[in-house]
Amino acid sequence: MDEDILQRSRAAFLGLALGDALGATTEFMTPAEIRKQYGIHDKICGGGWLGIKPGRVTDDTEMSLAIARALDESGGWCLRAVAENFLAWMRGRPIDIGSTVRKGIVHFLHKAELKVPPNDWDAGNGALMRIMPVCLYTLGDKGMFERCTLEQAHLTHNHPLSDAACLCVGEMVQATLLGADRFQLHALTRELTSNYPTFQFNKYRGRASGYVVETVQTVFHYFFTTGTFEECLTGVVNQGGDADTTGAVAGMLAGAFYGLDALPKRWLRRLDKEVYREIERLVPRLLELSPQDSKKSIALK
Ligand code: MN
Ligand code: MN
């Protein structure tokens, strides 16, 4: 297995969990409220509207792990296994669950269908926040990446803006794992904004809601205007709004980009130990299952 890809993949998945744990504290706050209470929020200190303990993650990381476990258990892509894991997760009374996500899982439960019908209200960020395992599992096969990305998304979110965001950010994460630079990543954002101008982020207006367009704008704004993992994530979560999810999405991208050594040790030390261990176990496993790795091992034989 390519060592650089493995390290960047670990950093991306851990980055997602760190962003989730860090942002949970400021979720649904305004930047002014955050300033008043924390000055600059840059510690994994728990609290927030969920009253979580420091280092605990929320639905963003938990659903990502649910997909990763389904891939591990099935030894490959099985959408039904993903849906079953979502259902088991919902039944375990998660600390938080989005309304569109709940509706999608209930749809699977009642109709046994693996796709929700198109819905104008499905443009939330709930499908985007959990793309990490698909990025790893499909690394090296664009067709498979697109298929799995949209299939997992449509379990709960069926909306063109959610689809476009998942495909663009997922492609950026994969490109970063393979060593893309800032300019190459910016070119990928231009493909998105030329097809869907609503995603433009050059005049960022500071809105960071759970609407997938604002989530993506917040992540891109801070990713392209900062120079370290910590700066990027701190910027994002101090914007408030859906801070754990903007944190999670920024964490994947910035984690992959800046690598393992850039993840602040004081944040990693705080991260829930079980989540940490499971990410460390699943990341190499997903890469092992990916075409990127099998191609390579075939080439080596
Ligand atoms: Mn969350
Ligand atoms: Mn959230």
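**Exercise 1. Work out which residues line the largest cavity, and what kind of lining they make.**

Start with the roll call: Ala83, Phe86, Gly104, Ile105, Phe108, Leu155 and Thr156 line the largest cavity. A cavity here is a set of points, on a 1 Å grid over the protein atoms alone, where a 1.4 Å probe fits but cannot get out, and lining residues have an atom within 4 Å of a point.

Before going on, a word on the model: it is predicted, so local features need pLDDT of at least 70 and side-chain atom pairs count only at pLDDT 80 or more, while totals for chains, interfaces and linings use all residues. Residues are numbered from 1 along each chain as its sequence is written, chains are lettered from A and ligands numbered from 1 in the order in which they are written, and side-chain values use heavy atoms, with hydrogens and water left out.

Next, sort the lining by class: 5 residues are nonpolar, 2 are polar and none is charged. The nonpolar set is Ala, Val, Leu, Ile, Met, Phe, Trp, Tyr, Cys and Pro; Asp, Glu, Lys and Arg are charged, and the others, Gly among them, are polar.

Then look at volume: the largest cavity holds about 30 Å³ of space, and a search of the whole structure turns up 1 cavity of 30 Å³ or more. Volume means the space filled by probe spheres set on the points, with grid points joined across faces, edges and corners.

Finally, H5 supplies the largest share of this lining, 3 residues. Helices are DSSP runs (H or I, at least four residues), numbered from the N terminus.

**Exercise 2. Find the protein donors of the manganese ion (ligand 2) and place them along the chain.**

Step one: pick out Glu27 (OE), Asp242 (OD), Asp244 (OD) and Thr245 (OG1), which lie 2.1 to 2.6 Å from the manganese ion (ligand 2). Donors are N, O and S atoms within 2.8 Å of the metal (3.2 Å for Na, K and Ca); water is not among the atoms, so sites may look incomplete.

Step two: read off their spacing, which is E-x214-D-x1-D-T. Glu27 sits in the loop between helix H1 (3-23) and helix H2 (31-38), and Asp242 in the loop between helix H11 (229-237) and helix H12 (243-258), 215 residues apart.

Step three: check burial. Glu27 is buried at 4% relative accessible area, and Asp242 is buried at 8%. The cut-offs are under 20% for buried, over 50% for exposed and partly exposed in between (1.4 Å probe, protein chains only).

Last, Asp244 bridges this ion and the manganese ion (ligand 1), the two lying 3.5 Å apart.

**Exercise 3. Examine the salt bridge between Asp122 and Lys103.**

The closest N and O atoms are 3.7 Å apart, and the rule wants a side-chain nitrogen of Lys or Arg within 4 Å of a carboxyl oxygen of Asp or Glu. Now locate the partners: Asp122 is in the loop between helix H5 (99-111) and helix H6 (132-137), and Lys103 is in helix H5, 19 residues apart. Asp122 is buried at 2%, whereas Lys103 is partly exposed at 46%.

To widen the view, the whole structure has 16 salt bridges. A network of them links Arg69, Asp72, Glu278, Arg281, Arg285 and Glu288.

**Exercise 4. Explain why Cys45 is in no disulfide.**

A disulfide needs a pair of cysteine sulfur atoms within 2.5 Å. The closest cysteine sulfur to that of Cys45 belongs to Cys232 and is 19 Å away, so it is too far for a bond. Overall, the count is 0 disulfides.

Terms used
Helices (H or I, at least four residues) and strands (E, at least two) are DSSP runs, numbered from the N terminus. On a 1 Å grid over the protein atoms alone, a cavity is a set of points where a 1.4 Å probe fits but cannot get out, and a pocket is an open set with protein on both sides within 12 Å along at least five of seven lines; lining residues have an atom within 4 Å of a point.
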